[in-house]
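Here is a short walk through one model, written for someone who likes to check each point by eye. Have a look first, then read on.

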Amino acid sequence: VGTLQSTVAGLSFSGYYDYNCKDWAVYGLEKPKMTLTVDYTEEVEADSTDDTESDSEANTDDTDDSGETTTETVDRELVLYVGNVNETDGNYYVRLGDSSELHGISQASLDTLLNGKAFDYWKTSIDSMTISDLDHLDVTYQGTTYTLKRVVTEEKVEKDKSEDTDNDTDADADADSEDADEEETKTVTTYYVNDQEADSDAFNAFYRAAAGMTCQSRLEENTNKGDAELTLSYYGTDGSEITISYTPRDSSFYVMEDQDGNCGLVNKMNVKDLIDAFLTLTEDEK
């Protein structure tokens, strides 16, 4: 999107053809190929002593108590109409707003905007859930579902009895204050697959692999109607849900689809590595 914004911001005229055009249809501007509308804001100076309706419509950023000038943000809009190509110099005919002037802009400057699709700008990363926000993750592989959980508990730290014995005489004087102190605890994280304790390294390796998955490219729609080989269903502690499915497409790609119908192509080897990490985690379940 940043590249798109830079492209728009860098547009400039490359030709000038008429200062008072009467027939826009000749240049393809009666029914433009593209209409580019840019909404933006601009900071302008305004007289702070001028108490008009325009003051209430603008956001005052800096007020001068001396009554000189203030800076306010106002809304602006730019509309560019793009018509046919000039066969002589290759520029697109363009019209800026309701101007009567006929200008040109190079094809190289406008082709990205004219030929682009919305999904060209969609992110290629695949949604997942931060493990600290996870309640549980259901993984369905080849029709069998496994439930993965991460449980964090606080456990009391046992004192060394020999150390307590050595310090008995010193401890008597402070017994009352020590009893008042809170008992020392430690945080213990345990991982489970189907309520059976799992290897923490294998669990985290699979979870990291799932979080790091990306699409090689996005698809506008999913025309692949096969059955998913692998489905990840994340359930958050706040009630949120994310579902990601991977369905074989051909010898090179899987189709990924999420709960909102967004889809994309994922390299087959990346999915294979994810499945291998899952099989390593669940090998004791088989």
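## Strand 15 and its partners

Strand 15 is mostly covered, with four of its five residues buried; buried means under 20% relative accessible area, exposed means over 50%, and partly exposed is anything in between (1.4 Å probe, protein chains only). Helices (H or I, at least four residues) and strands (E, at least two) are DSSP runs, numbered from the N terminus. This is a predicted model, so local features need pLDDT of at least 70 and side-chain atom pairs count only at pLDDT 80 or more, while totals for chains, interfaces and linings use all residues. Residues are numbered from 1 along each chain as its sequence is written, and side-chain values use heavy atoms, with hydrogens and water left out.

Strand 14 pairs with strand 15 in the antiparallel sense over five bridges; two strands pair if DSSP finds at least two bridges between them. Within that pairing, Tyr254 sits opposite Val266 of strand 15. The two strands make a hairpin with four residues between them, and Gly261 in the turn has a positive phi of about 85°. Strand 15 is also joined to strand 11 by three bridges, again antiparallel, and Ser217 has Leu265 of strand 15 as its bridge partner.

## The whole sheet

What is the strand order in the open sheet? Nine strands line up as 10-9-8-7-12-13-14-15-11, with antiparallel pairing. Strand 10 and strand 11 (217-219) are at the edges with a single partner strand each, so one side of each has no neighbour in the sheet. At the strand 10 edge, two bridges tie it to strand 9, and the two run antiparallel. Tyr192 has Glu197 in strand 10 as its bridge partner.

Helix 8 packs on this sheet, touching strand 7 (134-141), strand 8 (144-156), strand 9, strand 12 (230-236), strand 13 (241-248), strand 14 (253-258) and strand 15 (263-267). Its direction makes about 80° with that of strand 15. Contact here means heavy atoms within 4.5 Å.

Thr247 is a residue to click on in strand 13. With 8% relative accessibility, Thr247 counts as buried. Leaving out residues up to four places away in sequence, Thr247 touches Asn224, Gly226, Asp227, Ala228, Glu229, Tyr254 and Val255.

## Two positive phi values in a row

Now for the loop between strand 9 (185-193) and strand 10 (196-197), where Asn194 is found. Most residues other than glycine have a negative phi. Asn194, though, has a positive phi near 50°, and Asp195 has a positive phi near 70°. Asp195 is in the loop between strand 9 and strand 10 too. Are these two buried or exposed? Asn194 is partly exposed at 30% relative accessibility, whereas Asp195 is exposed, with a relative accessible area of 71%.

## Helix 7 against helix 8

The axes of helix 7 (residues 200-211) and helix 8 (residues 268-281) come within 9 Å and cross at roughly 160°. Axes are lines fitted to C-alpha atoms, for helices over the stretch in contact, and angles run from 0 to 180 degrees between N-to-C directions. Helix 7 and helix 8 are therefore roughly antiparallel, the label for angles over 145 degrees.

Which residues of helix 7 and helix 8 meet? From helix 7 come Ala202, Phe203, Phe206, Ala209 and Ala210, and from helix 8 come Leu274, Ala277, Phe278 and Leu281. That contact divides into nine nonpolar residues, no polar and no charged (Ala, Val, Leu, Ile, Met, Phe, Trp, Tyr, Cys and Pro count as nonpolar, Asp, Glu, Lys and Arg as charged, and the others, Gly among them, as polar).

## Leu11 and Leu110

Leu11 lies in the loop between helix 1 (2-9) and strand 1 (15-18), and at 21% relative accessibility it counts as partly exposed. The C-alpha atoms of Leu11 and Ser106 are 9.0 Å apart, with the two positions 95 residues apart along the chain counted as their separation. Setting aside neighbours within four places in sequence, Leu11 is in contact with Leu36, Leu80, Ile105, Ser109, Leu110 and Leu113.

Leu110 belongs to helix 3 (residues 107-115) and is buried, at 0% relative accessibility. Besides Leu11, Leu110 touches Met34, Val82, Tyr92, Val94 and Ile105, not counting residues up to four places away in sequence.

Terms used: Parallel < 35°, antiparallel > 145°, perpendicular 65-115°, else oblique.
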